[in-house]
Amino acid sequence: MRTFAADMTKTMERYWNWGLSVLVGIGMFVFWYVAYPHALSYQEQYQLFLWTGDYFIEKISLPGGFADWLGEFIVQFFYVEWLGALLLALLFVALQRVSLRLLENHGDRSLDTKWNHGPVPMILSMIPVAVVWWLMGDINVMLAWPVAVVLAMAMGWIVGRLGIIGEVVLIPIAYWLIGPMVWIYVIIRLVQAGWRHLWTAGWLVAVQLTVYAWLLPQWPLPMAMTGLSYYRIPLQYPQWSGYDKDMYELIRMDYLVRHERWDEIVKRAGAYQVKTPFWSNCVNLALSQKRLLADRMFDFYQSGEDALVMPRTRDLTSMLPSAEAFWRLGMVNSAQRYMFDTQESILNGKKSGRCTKRIAECMIVNGHYQTAKKQLDILKKSLFYSDWAKEMEALIEAEIEADQTTPSPSYSGGETLRDGNRQSYSGGERGVDAHPVYGKLRKMRYKNDFLYSYDEIDKMFGLLLMNNTDNKMALDYFLAQMLLNGNVQGFQQYLGAAQQYGGYRQMPLGYQDAMMCIQKQGNLPGSAYGNYVKRMMAGRRGQ
């Protein structure tokens, strides 16, 4: 009877054991796929994993390189949200399982007691899961870190007793593969084997200092000791703020812009706002794509003169919605410049699949085919950008071949500097000209090259409209920018353009509100535009 009861207890423990792991997997999948898919997109867009031997060798040539390579391998699948969420869920299940095994002392059965089995270790195995999940709320924590944590803990569970010679050999190898997180393995061995194992801590410090002195002299010592690939920003350390609501709302807005989900942006903007230029840029872009900017712009928070597009800001996020607006407006060179600056602002030196793709598109529109092919050659070595890159390569090769057989006058490429290797193109509707997006942008962009300053951005929108009066977005941005600047005379002067070129059956409600506010010199209670003007004037007085 006792044997039967004991067998039943073990069976129940086994079911509860695996049931908890299944719940961890389901919970993490739902969290990342349903609640935070934008976090997956954010991580994916700031790397470009290449399926080449050179890329692998480049990664493992630094301490922690294998964990970095494996983390990037997983992150590339974040491009497909459900697949990325599934892989993250499996990573957390692995973390929970290896934590449970360590708590049950499978690595050292001499410590086995009744406490090591049952609900206690199952509950405690959730602590590492909760800690890693919370710390990953910092958007700059790279996946290399949780990967290294899991690998280090798995070593503590699997390796067991190696003896002095085995530990002497294993610790340097492990350090080179997963980086300083090998300290977790050392701590596990100390817990398992006691203070007689303390020499391994000194040996690991010696290994780190030796590697730094001989192989990493160009790196700061704090980075060499704490990890080269665990955090996106060099010489900064995580603040562990968890999942900051405003930060993740901005990331969500950028994610929705990337996937052109304009209705969802407008819906979210009505429910929750983040008072930053980035938020205003995203919302105004969505309104413009729905042809609602003239009607509803001032129903939402406007950050000021930078609410449509921001001036150049050298960081890896701020300029993305502005670059997307420039692209759709037809300011192709500005879009390329913003995307290039964004990519170069990724402080850990990685490339961006999203930025590289858009840079290549800008080059294709401008006829810079040879330069575009260099970007496409990189994208062809990736997984999810490869098919698109091959398709674009075939498109421009056909264009180049046609240009060589049918000479045509050269085409001027935009609003900034010229590129000497620009290819000419024929005025006929073929190749790039016939493309539904690129051909349209070629017609919308500027016909002459020139430089401009951000302070003249309203004039740039006006020139776009003069260049192509079918460019409704340029019209909306032109009039909106004058309202944001407080240029009421200019707004009144060019308001007729909205009626002439806007295709509106009646004057948009936003323009009606602005005109009444102007006529009453701001004394119009309930005016959305009037409230904006008062807020801007109060802010300037406060300065």
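Me: Where is the place of Leu235?
Reply: The model is a predicted one. Two helices frame Leu235, one of them being helix 12 (221-226). The residue belongs to neither of them, as its place is in the loop between helix 12 and helix 13.

Me: Which positive phi, in degrees, does Leu235 have although it is not a glycine?
Reply: Most residues other than glycine have a negative phi. Leu235 is not a glycine, yet its phi is positive. The value for Leu235 is about 60 degrees.

Me: Is Glu260 buried, partly exposed or exposed?
Reply: Glu260 lies in the loop between helix 13 and helix 14 (262-271), and it has a positive phi of about 55 degrees although it is not a glycine. Its relative accessibility is 47%. Buried requires under 20% and exposed over 50%. Glu260 therefore counts as partly exposed.

Me: Which residues are linked with Glu260 in a network of salt bridges?
Reply: The structure holds 25 salt bridges. Glu260 takes part in a network of such contacts. Its partners in that network are Asp254, Glu324, Arg328, Arg354, Arg358 and Glu361.

Me: How are helix 13 and helix 15 oriented to each other, roughly parallel or roughly antiparallel?
Reply: Helix 13 (residues 245-258) packs with helix 15 (residues 277-289), their axes lying 10 Å apart. The crossing of the two is left-handed, and the angle is about 30 degrees. Angles under 35 degrees count as roughly parallel. Helix 13 and helix 15 are therefore roughly parallel.

Me: Is helix 20 roughly parallel or roughly antiparallel to helix 21?
Reply: The axes of helix 20 (residues 369-379) and helix 21 (residues 386-405) are 9 Å apart, and the packing angle is about 155 degrees. That makes the arrangement of helix 20 and helix 21 roughly antiparallel.

Me: What is the handedness of the crossing of helix 20 and helix 21, left-handed or right-handed?
Reply: The handedness is asked here of the pair that packs at about 155 degrees, helix 20 and helix 21. The crossing of these two helices is left-handed.

Me: How many residues apart in sequence are the parts that Lys350 and Asp68 tie together?
Reply: The side chains of Lys350 and Asp68 meet in a salt bridge, with 3.3 Å from N to O. Lys350 lies in the loop between helix 18 (332-344) and helix 19 (353-365), whereas Asp68 is in helix 4 (residues 65-75), so the pair ties together parts whose separation in sequence is 282 residues.

Me: Do Lys350 and Asp68 count as buried or exposed?
Reply: Buried means under 20% relative accessible area. Lys350 has a relative accessibility of 10% and therefore falls under that limit. Asp68, at 10% relative accessibility, likewise counts as buried.

Me: Which residue meets Glu104 in a salt bridge?
Reply: Glu104 counts as buried, at 7% relative accessibility. Its side chain takes part in a salt bridge of 3.3 Å, N to O. The partner of Glu104 is Arg101.

Me: Which elements give two or more residues to the nonpolar patch?
Reply: Val22, Ile26, Val30, Tyr33, Val34, Trp82, Leu86 and Leu90 form a nonpolar patch on the surface, and together they have about 730 Å² of accessible area. The elements that give two or more residues to the patch are helix 1 (2-35) and helix 5 (81-103).

Me: Where does the largest share of the nonpolar patch come from?
Reply: The largest share amounts to five residues. Val30, a member of the patch, is found in helix 1 and counts as partly exposed at 41% relative accessibility. The element that supplies the largest share is helix 1.

Me: How far apart in space are Leu40 and Ile139, C-alpha to C-alpha?
Reply: Leu40 is placed in helix 2 (residues 37-44), and it counts as buried at 1% relative accessibility. Along the sequence, Leu40 and Ile139 are 99 residues apart. In space, their C-alpha atoms are separated by 10.0 Å.

Me: By what distance are the C-alpha atoms of Met142 and Tyr230 separated?
Reply: Met142 has its place in the loop between helix 7 (126-135) and helix 8 (144-158) and is buried, with a relative accessible area of 7%. Met142 and Tyr230 are 88 residues apart along the chain. The C-alpha separation of Met142 and Tyr230 is 5.2 Å.

Me: Which residue takes a positive phi just after helix 26?
Reply: Helix 26 (residues 509-519) has buried residues, among them Tyr511, Met515 and Ile518. Just after this helix, a positive phi of about 55 degrees is taken by Gln521.

Methods: Residues numbered from 1 in each chain as written. Predicted model: local features only at pLDDT ≥ 70, side-chain atom pairs only at ≥ 80, totals over all residues. Heavy atoms only, no water. Patch = residues over 30% accessible without salt bridge, like charges linked within 9 Å, V, L, I, M, F, W, Y side chains within 5 Å. Areas by Shrake-Rupley, 256 points an atom, 1.4 Å probe, with all protein chains shown as cover. Salt bridge = Lys/Arg side-chain N within 4 Å of Asp/Glu carboxyl O. Helix = DSSP H or I, 4+ residues; strand = E, 2+ residues; numbered from the N terminus. Buried < 20%, exposed > 50% of the residue type's maximum accessible area, 1.4 Å probe, protein only. Axes fitted to C-alpha atoms, helices over the stretch in contact; angles between N-to-C directions. Parallel < 35°, antiparallel > 145°, perpendicular 65-115°, else oblique. Left-handed = near helix turned anticlockwise from the far one by under 90°.
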